[in-house]
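Here are some notes to read alongside the model. Have it open while you go through them.

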Amino acid sequence: MTIAKETSELLSKLGVSGDALGGGDLIVRTPVTGEQIAALKQMSGAQAGKAIGAAHAAFQKWRLVPGPRRGELVRLLGEELRAHKAELGRLVSIEVGKIPSEGLGEVQEMIDICDFAVGLSRQLYGLTIATERPGHRMMETWHPLGVVGVISAFNFPVAVWSWNTALALVCGDAVVWKPSEKTPLTALACAAIFARAVERFGSDAPEGLLQVLIGGPAVGEVLVDHPKVPLVSATGSTRMGRAVGPRLAKRFARAVLELGGNNAGIVCPTADLDMALRAIAFGAMGTAGQRCTTLRRLFVHESVYDQIVPRLKKAYESVSVGNPLESSALVGPLVDKAAFEGMQKALKEAEAAGGKVTGGGRFESGHAEAYYAHPALVEMPKQVAPVTEETFAPILYVMKYSDFDTALELHNAVGAGLSSSIFTRDLQESERFLGADGSDCGIANVNIGTSGAEIGGAFGGEKETGGGRESGSDAWKAYMRRATNTINYSAALPLAQGVSFDI
Ligand code: NAD
């Protein structure tokens, strides 16, 4: 069976009609072979505006449904995802080229966030705060915010939607989703799965609670500029964030920006090198280097450099690359030709700066339009371009260090600030790394790689990563509006700060 045929069968099982897959000019290709699997119709600006209007109308009703009842819809969504995990996971592998365990893992992450959000639906609470005025009570309440715009990247085509949507729904919001133009099919599948949950939920779920906008940046801009969208959660490159951030600021909308990473690890003299090796290999080569949290820079202490780097090189030389749908390869394809060319350009630049490259060439898959690369390990004499920028491909730059403070300084000396790791059994180094003058990233790990975050923690990064937080902890607060309420139950009207104003 061709991949195109398998794709349409999977989509049909998930509830997406075959009519939606053809007749348009948005050509969808699988990176696995490069072949076309669909040609979708893109939405016009007017259609996008209409969809946003419908979501706003749904929000006005949804906000009045009690939080725990809203949680029930997300519980049903989690059940539907459990029931369709195999099909959706396979579709992720087809559309993005992820190996099967990562395709399924992405769906598991969706299930996990649904579970988290169901619990949260009974915990959307504010504080009661001491007031200086007698006979008064002060408290804060959290209310639904409005339509939440979600813009997502190709590399986590469905998990990012679910992180935002599960929280937004329990918070009483409607969602308008602009998936990556490279991965619209998994978005259609999610919309169909969501529709089943709504059907089971019953009539107090208003129509139009989830809208999907098919298209590229132009459709995304309609969402970004729309006055009825008080929050846009945008995941993608820092370049996209630079375009979207100011537009949102211009109309005082909230932004959750989840942008590029240039994540680093430090391997210290006391590190468990076996453990570090495995964590580094997964962090740097997993998902073919196409995670925002991929390990891209490694600082290795000179005393262990010759013990770990040769072993790493061996792992790079022997890692299996290949078709994720037909083999047990650990590294699948890059998303497209541009990604492969970007990788080759960075490797050339690194060589010109004195880097010694292991791997990095094209893996011949037998499909001229598919772009597989052998992961590259590059020993660099120092941290100069291209090390300082994110190249969205499996390149790990390795640098030797002798002094911990210098390593920490270099670790923080790049624009991005998403994820970071230290491998050490020295308590002082570990605590320094996690402390106020340590890693400047939103995620800082000890003896764990940079990628593979759990949904319970807040996810996001600092600096050019955009500053947004999604998923667990108190990330839900971005999806609600907070009101401070002061109630006077006395017969007097005392003013705060002792001000008198007698008329
Ligand atoms: P991209 O920036 O090319 O596209 C991301 C999304 O933004 C797409 O849906 C695209 O259509 C949309 N977009 C682009 N320009 C826009 C504009 N001007 N207005 C509105 N929408 C616009 O990113 P990509 O290639 O799909 O994904 C890879 C990048 O995403 C990497 O940099 C990676 O680090 C980053 N990423 C970050 C996170 C995170 O949580 N921090 C997660 C996944 C991916």
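The points below cover the domains, where they touch, and the ligand's surroundings.

1. Some housekeeping: residues count from 1 along each chain as its sequence is written. The model is predicted, so local features need pLDDT of at least 70 and side-chain atom pairs count only at pLDDT 80 or more, while totals for chains, interfaces and linings use all residues.

2. You'll find two parts here, domain 1 (48–259 + 466–484) and domain 2 (263–456). Those bounds come from an automatic or database domain assignment. Their centres, taken over C-alpha atoms, are 31 Å apart.

3. How many residues does each domain put into the contact? Domain 1 gives 17 and domain 2 gives 12, with two residues in contact if their C-beta atoms, placed from the backbone, lie within 7 Å. On the domain 1 side, α4 (85–96) and α5 (100–120) each supply at least two residues, and α5 gives the most, with six. Helices here are DSSP runs of H or I, at least four residues, numbered from the N terminus.

4. That domain 1 side splits into seven nonpolar, five polar and five charged residues. Gly counts as polar, Cys and Pro as nonpolar, and Asp, Glu, Lys and Arg as charged.

5. Now the ligand: 30 residues surround it, and A153, G220, G236, E258 and C292 come nearest. A residue is near a molecule if its C-beta atom, placed from the backbone, lies within 6 Å of it. The elements giving two or more residues to this shell are α8 (217–225) and α9 (238–250).

6. Both domains take part in the shell, each with at least three residues. By class, the shell has 13 nonpolar, 11 polar and six charged residues.
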